[in-house]
Structure formats: C-alpha cells, structure tokens
Amino acid sequence: MAPRARSNKTGSKNKKGSKSNHKSRSQSSTSASHQTSIPLSNTSTSHHNNHENSDDDDRTEEWNFVREAGPGCHIARKKEQHSSSSTADRDSGWVLEWESVHPSDFEDESVVPDVAIDPDEQTLSLCNLRNDPVVAYITVYDNLLIGRNGKALQQGSTTDKDGTSKSCTTLIVLCPPNTFAHLCRIDLESASQTLATPSSRLLLDQLHIDSDVQVWNRHENPNDEHEHSIGFPLQGGGPFLCTQGEGGHLTHFLAGNQHAIDFQCPKGTPLLAVGDGLVVQTQDEHQQLTGIAVSNLFSWNSILLQLDPPPTSSSSSSSSSTCATPKETKDSVGDDNTASVSETTDPLFVEYVHIASSQVQVGDRVVKGQVIGTSGGIGFSPEDHLHFAGYRSAAADAPTVRLRFEKAKSDNNNNNNMANSSCRQDDGSQIFYPRAGRLYDCHGEIVDKGFKDNDNKCS
C-alpha cells in the first residue's frame with residue numbers, strides 16, 4: 001500500500017524523501033491572512049462511537065481499493081464537475097466543504113500555509129493556491145477528527161522505529177487547483193488528559209500534526225504495459241485478497257505507484273522471485289516501523305530485482321518451468337551497493353515492499369519460484385501486505401509499468417485440482433491483471449471466497 005521504495009507517495013524524487021515540516025506551520029496558522037469559519041451541526045462526544053464510514057463503503061470498484069484494508073485512512077476527493085459517470089470521483093462524504101478561491105484575493109500568498117487550523121471553529125483545512133492539483137497526506141495524532149455528519153472518523157495506529165505506538169488518523173487528499181479543502185473539525189479535548197479545564201489555545205498548542213504536500217505527480221502514460229509476463233510473488237497459503245490495484249485512490253495514483261498491486265498476506269508469507277534475474281537492491285533494517293503515519297512514507301524494507309528477458313522462441317519449451325535455468329549474463333555490483341545486468345533493451349525491474357526480511361543479497365542470481373524473503377508491514381502500511389510493482393528503470397524517479405501476471409499451469413492429472421477448476425475465473429487467457437476486492441493465487445482469480453488450494457499450492 002505504500003509507494004515504491006525509491007519514490008514516495010507524494011511525488012518527491014528524493015529516494016529517502018524530505019518530509020516538509022508543516023507541523024509548525026499548522027500550529028502558527030492562526031496568523032494566516034485567510035480563515036474560513038465553517039458552520040457545523042452541533043456535535044458532542046456522545047456521537048464519537050458512530051464512525052464516519054458509510055458514505056465510502058461501496059467504492060471498492062470505483063477507487064480500486066478495499067477501504068477495510070486502510071483502518072484510520074480517509075480519502076478526500078472532489079467530484080469532477082464534467083464527469084460522465086454519476087459515481088466517478090463522487091465527493092467524499094465526510095469532507096466539510098470544498099471552497100473555490102482566487103490567488104488575487106490574498107495580498108501575500110506565501111503566508112497562507114498548506115495546512116491550516118481555524119482556532120475558533122477548530123477546523124482543519126488544506127489550502128491550495130497553486131494552479132495545479134496537490135496531493136496531501138496529513139496525520140493527526142491522538143485527537144479525534146469529526147466529519148461533516150458530526151461523526152468521528154475512524155482512528156488507526158502507527159508505530160515508530162523504536163516501537164512506540166500512537167493512535168492517529170491520516171487523511172489522503174487530492175485537492176483541485178485554487179481550492180481550500182475544509183476537511184474536518186478537530187476534537188481538541190479528546191486527547192487532553194493533563195489539564196482540568198484546558199483552553200482551546202492551550203490544546204491547539206499541544207496538537208501534533210505531520211503532513212506532506214506536493215503537486216500531483218501524475219503518470220504520463222497510465223496505459224504503459226511491459227511486454228514480458230511474470231509469475232506470482234506469493235507462495236502457498238492463498239488465495240490472497242488484492243486490496244489496492246492500478247490507480248488505487250489510497251496511494252496508487254502517483255507516477256511511482258500507478259500500476260502497483262497490494263496483496264493482503266500474513267506477516268512471514270514467503271516471497272517468490274517472479275522470474276529469473278539479479279538482485280539489484282535490498283533493505284530490511286527496519287523491524288518495528290509500521291502503521292499510517294505520514295513519517296512512515298519515507299522508511300521501508302524492500303527487495304528490487306532486475307529480471308532477465310524471456311527465453312527466445314527456440315528455447316520457449318523450457319519457459320514454463322517454475323524454476324527455469326537462468327541465462328548467462330554479465331553481472332556487476334557498483335560502489336553504491338546496487339547491481340546491474342547487461343541487457344539489450346527494455347529491462348524489467350520488480351520491487352517487493354514492506355518486507356519483514358530478505359533472504360538474498362545484492363548481486364545474487366535468483367530463479368523463478370525461489371524464495372527471496374518474507375512479507376511484513378514495514379513502512380506506510382495500515383496492515384500486513386505486499387506492495388508489488390514493476391518499472392522499466394531502476395532510477396529513483398522511474399514511473400511504474402503495468403505488469404502481466406501469467407497463470408501457472410495446473411496438474412490436469414490431479415482430481416482435486418479438476419474439481420476446484422470451477423472455483424477459478426477462466427476467461428481463456430493465460431494473463432491476469434489483479435483488481436481490488438478480488439482473490440488471487442498463482443493460477444489467477446479465485447471466484448469462490450471459501451476456496452483453499454491445498455492440493456496445488458503455488459511454490
């Protein structure tokens with residue numbers, strides 16, 4: 001669910017990212033030249049158990065994201081005025097208001113913060129005075145956030161590298177140009193435990209917010225598809241629920257994540273090489289960092305492989321083997337602890353993100369079906385899952401490419417497998433493209449949610 005390990009969700013081209021320090025700007029935002037008071041219905045703490053979820057419950061197909069896979073994450077999008085669909089990009093039901101503004105209305109645009117708080121109304125707003133849409137990830141720690149209908153937004157949690165956990169809520173906002181997104185009201189008293197009668201000003205000073213705001217870095221060619229097919233990245237124990245697919249509204253709508261696929265899987269699930277190739281990069285130094293905090297956007301564990309080109313037609317007879325013999329290549333390992341393979345044209349790189357551990361090292365050769373590590377939830381990860389993506393380049397700012405997953409061949413002599421064939425989606429194609437809300441294993445989509453493949457496991 002997190003972005004590509006070398007290009008953060010919000011479009012920064014810096015590998016590690018440089019988190020904008022909007023916390024201080026948020027806390028000093030009372031001096032901004034523009035403040036909008038949002039009239040709210042009367043809300044009370046007695047309503048806080050009624051979480052604001054229902055408006056977005058039916059959007060799995062629309063958003064290509066299973067919202068239950070992102071507890072504590074809330075997506076804010078404004079309906080496109082000229083959309084031909086009655087449901088496409090509908091307004092997110094919890095947002096207070098989308099306000100169109102004009103930069104000329106502000107004497108000095110530089111004093112208007114990206115993230116602002118109205119101390120009187122206790123509202124949280126994203127302020128976009130740019131002529132381009134922006135993407136914002138905003139995390140509010142401890143305090144409850146109250147949506148348009150007076151209900152509290154569901155909280156999630158985050159754990160830092162030292163193992164300290166906190167409750168928090170993260171908002172993922174795609175804001176149109178010249179628009180103020182008045183997102184929600186902050187319940188300042190919900191996290192107060194030290195002051196008997198705290199004032200709003202004191203509570204505001206104690207508020208902890210992190211954010212990252214960037215101009216929307218869209219994929220220039222969202223239909224770019226790599227011509228090589230690959231195997232399935234997870235071993236056995238499936239089928240696995242795809243929780244976010246191509247263009248998913250949580251994190252997969254940026255150039256570095258557009259075609260990524262998220263699979264829900266228990267921590268420790270074996271990760272398989274999807275083809276023969278070379279280990280280009282590994283990192284698994286983080287052990288405890290997980291959850292939905294904005295700061296987790298810039299830390300992760302991952303494995304990056306460069307795959308060999310597929311066999312030529314003269315050797316295609318051996319291409320169906322799960323562990324094909326790797327072709328001879330010239331490998332090299334550079335001073336920056338990365339490796340490369342001498343190829344002709346159009347390489348394919350694949351990346352496994354959020355891993356718990358790596359069982360390979362930079363420069364190792366791998367064969368298709370080899371276990372290379374185990375899955376986890378390190379980085380920006382609401383739950384344990386595998387974030388899997390492909391690229392034509394190993395460059396830090398490389399955009400993703402659509403991947404063709406090839407169905408594994410079944411053992412037609414296995415009676416149990418033949419009986420289970422009705423549980424699989426069979427459209428006659430040997431290629432499949434995972435979508436959110438559907439179950440998959442190495443043989444493609446599973447249509448029976450109760451199906452367990454114990455006799456023909458992916459290995």
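**Figure 1. Confidence across the predicted model.** The model is predicted, with a mean pLDDT of 79 for the protein. Of its residues, 68% reach a pLDDT of 70 or more. Two stretches deserve caution. Over residues 314-344, pLDDT stays under 50. The model nevertheless has 56 contacts for this stretch, counted beyond four places in sequence. Residues 413-422 also stay under 50. Nine contacts beyond four places in sequence are modelled for residues 413-422.

**Figure 2. Overall make-up of the chain.** The protein has 28 strands and four helices. It runs to 459 residues, and 53% of them are buried. Long-range pairing shows up in the contacts. Taking contacts between residues at least 6 apart in sequence, 77% link residues at least 24 apart.

**Figure 3. The largest nonpolar core.** This core holds 30 residues. Phe232, Leu305, Tyr352, Ile372 and Phe388 have the most contacts inside it. Six strands each supply at least two residues of the core: strand 12 (240-244), strand 13 (261-264), strand 17 (302-307), strand 20 (348-353), strand 24 (385-391) and strand 25 (400-406). In soluble globular proteins, nonpolar side chains tend to be buried together.

**Figure 4. Leu305 and its surroundings.** Neighbours up to four places away in sequence are left out of this view. Leu305 touches Ala273, Leu278, Val279 and Val280. It also touches Leu348, Phe349, Val350 and Tyr352. Val366 and Ile372 complete the list. Of these partners, Tyr352 and Ile372 are themselves among the residues with the most contacts inside the largest core.

**Figure 5. A second nonpolar core.** This core is separate from the largest one and has 27 residues. Among them are Trp98, Val173, Cys175 and Leu207. Cys175 has a relative accessibility of 1%, so it counts as buried.

**Figure 6. Cysteines without disulfides.** The structure holds zero disulfides. Cys168 is in none. Its nearest cysteine sulfur belongs to Cys73 and is 8.0 Å away. The relative accessible area of Cys168 is 0%, so the residue is buried. Cys175 is likewise in no disulfide. For Cys175, the nearest cysteine sulfur is that of Cys127, 8.5 Å away. A disulfide needs its two sulfur atoms within 2.5 Å.

**Figure 7. Thr158 in strand 7.** Thr158 lies in strand 7, which covers residues 156-159. It is buried, with a relative accessible area of 6%. Its side chain makes a polar contact of 3.2 Å with the side chain of Asn296. A polar atom of the Thr158 side chain also lies 3.4 Å from the backbone nitrogen of Ala293. Beyond four places in sequence, the residues in contact with Thr158 include Tyr141, Thr164, Ser165, Lys166 and Cys168. Thr290, Gly291, Ile292, Ala293 and Asn296 are in contact with Thr158 too. Cys168 in this group is buried, at 0% relative accessible area.

**Figure 8. An exposed salt bridge, Lys161 to Asp162.** The structure holds 11 salt bridges. One joins the side chains of Lys161 and Asp162, at 3.7 Å from N to O. Lys161 is exposed, with a relative accessible area of 58%. Asp162 is exposed as well, at 57% relative accessibility.

**Figure 9. Arg392 and Asp224 tie together distant parts.** Their side chains meet in a salt bridge of 2.8 Å, N to O. Arg392 sits in the loop between strand 24 and strand 25. Asp224 sits in the loop between strand 10 (209-215) and strand 11 (225-230). The pair therefore ties together parts that are 168 residues apart in sequence. Arg392 is partly exposed, at 27% relative accessibility. Asp224 is buried, at 17% relative accessible area. Salt bridges with shared partners join Asp224 and Arg392 with Glu227 and Asp346 into one network.

**Figure 10. Asp308 and Arg365 link distant parts.** A salt bridge joins the two side chains, at 2.6 Å from N to O. Asp308 lies in the loop between strand 17 and strand 18 (331-333). Arg365 belongs to strand 22, residues 365-366. The two residues are 57 residues apart. Asp308 is buried, with a relative accessible area of 10%. Arg365 counts as partly exposed, at 26% relative accessibility.

Notes. Residues are numbered from 1 along each chain as its sequence is written. This is a predicted model: local features need pLDDT of at least 70, side-chain atom pairs count only at pLDDT 80 or more; totals for chains, interfaces and linings use all residues. Side-chain values use heavy atoms; hydrogens and water are left out. A nonpolar core is a set of buried Ala, Val, Leu, Ile, Met, Phe, Trp, Tyr and Cys residues joined through side-chain atoms within 4.5 Å. Buried means under 20% relative accessible area, exposed over 50%, partly exposed in between (1.4 Å probe, protein chains only). Contact means heavy atoms within 4.5 Å. A salt bridge is a side-chain nitrogen of Lys or Arg within 4 Å of a carboxyl oxygen of Asp or Glu. pLDDT is the predictor's confidence in each residue, from 0 to 100. A polar contact is a pair of N or O atoms within 3.5 Å; within protein, one must be able to donate a hydrogen and the other to accept it, and residues adjacent in sequence count only if both atoms are side-chain atoms.
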